[in-house]
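Please open the model in a viewer and follow the stops below in order. Each stop names a selection and states what is found there.

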Amino acid sequence: MSKQMLNEQTFAQQPTPFGTGAVAKPAGVMTIGATVARALVLLVIAIVAASYGWTHAGSILGTSNAVLFVGLIGMVVLSLATARNPRLAVVTGPVYAVVMGVWTGAISALYDATYQGIVLQAVFATFAVFLACLVLYVTRIVKVTDRFVFVVAVATAGNALTYLAAWALSLFGVRIGFLYDSSPLGILVSVGICIIAALNLFLDFRFIEEGVAKQAPASMAWYGAFALLATLIWLYLEILRLLGRVRS
């Protein structure tokens with residue numbers, strides 16, 4: 001999903017929890033603890049949904065392309081609507097977790113049937129990357145400047161447009177080989193996409209940290225959790241694809 005950086009304009013769109021001159025109350029503002037708790041809730045929902053997708057992979061993946069396309073558009077609209085109005089995240093977050101959880105579980109079952117044990121490897125790799133990025137951010141070894149945010153945002157948008165173009169061309173029978181093949185170029189491209197997905201974690205960390213520092217409304221904790229879950233699912237799927245290419 002697209003990242004919306006925290007700034008004065010962003011928070012100007014949100015209801016102020018306190019009046020002018022009022023003393024801030026921790027319960028009414030975004031906190032690290034609240035964001036982490038909500039992220040864990042969404043993660044649990046996604047895992048439960050993924051277990052359903054795993055056991056019903058055949059029927060889910062056998063759905064017509066038209067239905068899948070509508071679902072994809074729905075997820076894009078859901079993400080954009082949440083980015084425009086972060087207060088919706090309390091509702092759209094769980095919905096996203098369920099839908100993407102089911103879809104991710106079905107895809108994982110397909111990969112595991114082809115490459116035994118690959119899902120467990122992808123899960124461990126995803127959380128290893130998450131922890132590494134978190135340590136690098138907290139220790140300030142990686143400094144998330146405005147230029148850093150801009151570069152990552154452009155790379156992410158470019159990746160999204162590439163996938164969209166590939167899908168559109170596939171409707172006319174045109175296949176972009178390096179996006180799907182296990183050639184050295186294909187593996188290199190897959191590694192690059194995984195790096196872009198991982199870099200988005202730094203944007204999420206900065207988003208949450210700035211939200212807490214600026215005493216954003218408590219509802220923004222759901223938005224931070226939503227963004228974090230979306231990045232983790234994307235990262236996991238890309239790592240799964242990369243491992244599949246390497247093992248093939």
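Begin by selecting Leu-169 in this predicted model; Leu-169 belongs to helix α7, which spans residues 146-170. With a relative accessible area of 34%, Leu-169 is partly exposed. Now add Leu-161, Leu-164, Trp-167, Leu-171, Phe-172 and Val-174: together with Leu-169 they make a nonpolar surface patch of about 740 Å².

Next, turn to the interior. The largest nonpolar core has 55 residues, and those touching the most other members are Tyr-96, Phe-148, Leu-201, Phe-202, Phe-205, Leu-229 and Leu-240. Elements contributing two or more residues to this core include α7, α8 (184-213) and α9 (220-247). Helix α9 gives the most, with 18 residues.

Select Leu-201 and display its surroundings. Leaving aside residues up to four places away in sequence, Leu-201 touches Phe-130, Cys-133, Leu-228, Thr-231, Leu-232 and Leu-235.

The aromatic rings form the following stop. The structure holds 6 aromatic pairs. Select Tyr-137 and Phe-205, a tilted pair with 5.7 Å centre to centre and 50 degrees between the planes. Tyr-137 lies in helix α6 and Phe-205 in helix α8, so this pair ties together parts 68 residues apart in sequence. Tyr-137 is buried, at a relative accessible area of 7%, and Phe-205 is buried, also at 7%.

Keep Phe-205 and add Phe-202: their ring centres are 6.5 Å apart and the planes stand at 80 degrees, so the pair is edge-to-face. These two residues lie 3 residues apart in helix α8, about one turn.

Finally, select Phe-130, Tyr-137, Phe-148, Phe-202 and Phe-205, which ring pairs link into a cluster.

Definitions and conventions
Residues are numbered from 1 along each chain as its sequence is written. This is a predicted model: local features need pLDDT of at least 70, side-chain atom pairs count only at pLDDT 80 or more; totals for chains, interfaces and linings use all residues. Side-chain values use heavy atoms; hydrogens and water are left out. Patches are made of residues with over 30% relative accessible area and no salt bridge: like charges are joined within 9 Å, nonpolar side chains (Val, Leu, Ile, Met, Phe, Trp, Tyr) within 5 Å. Accessible areas come from the Shrake-Rupley method with a 1.4 Å probe; for residues, only the protein chains shown count as cover. A salt bridge is a side-chain nitrogen of Lys or Arg within 4 Å of a carboxyl oxygen of Asp or Glu. Helices (H or I, at least four residues) and strands (E, at least two) are DSSP runs, numbered from the N terminus. Buried means under 20% relative accessible area, exposed over 50%, partly exposed in between (1.4 Å probe, protein chains only). A nonpolar core is a set of buried Ala, Val, Leu, Ile, Met, Phe, Trp, Tyr and Cys residues joined through side-chain atoms within 4.5 Å. Contact means heavy atoms within 4.5 Å. Rings of Phe, Tyr and Trp (its six-membered ring) pair if their centres lie within 6.5 Å; planes under 30 degrees apart count as stacked, over 60 as edge-to-face and the rest as tilted.
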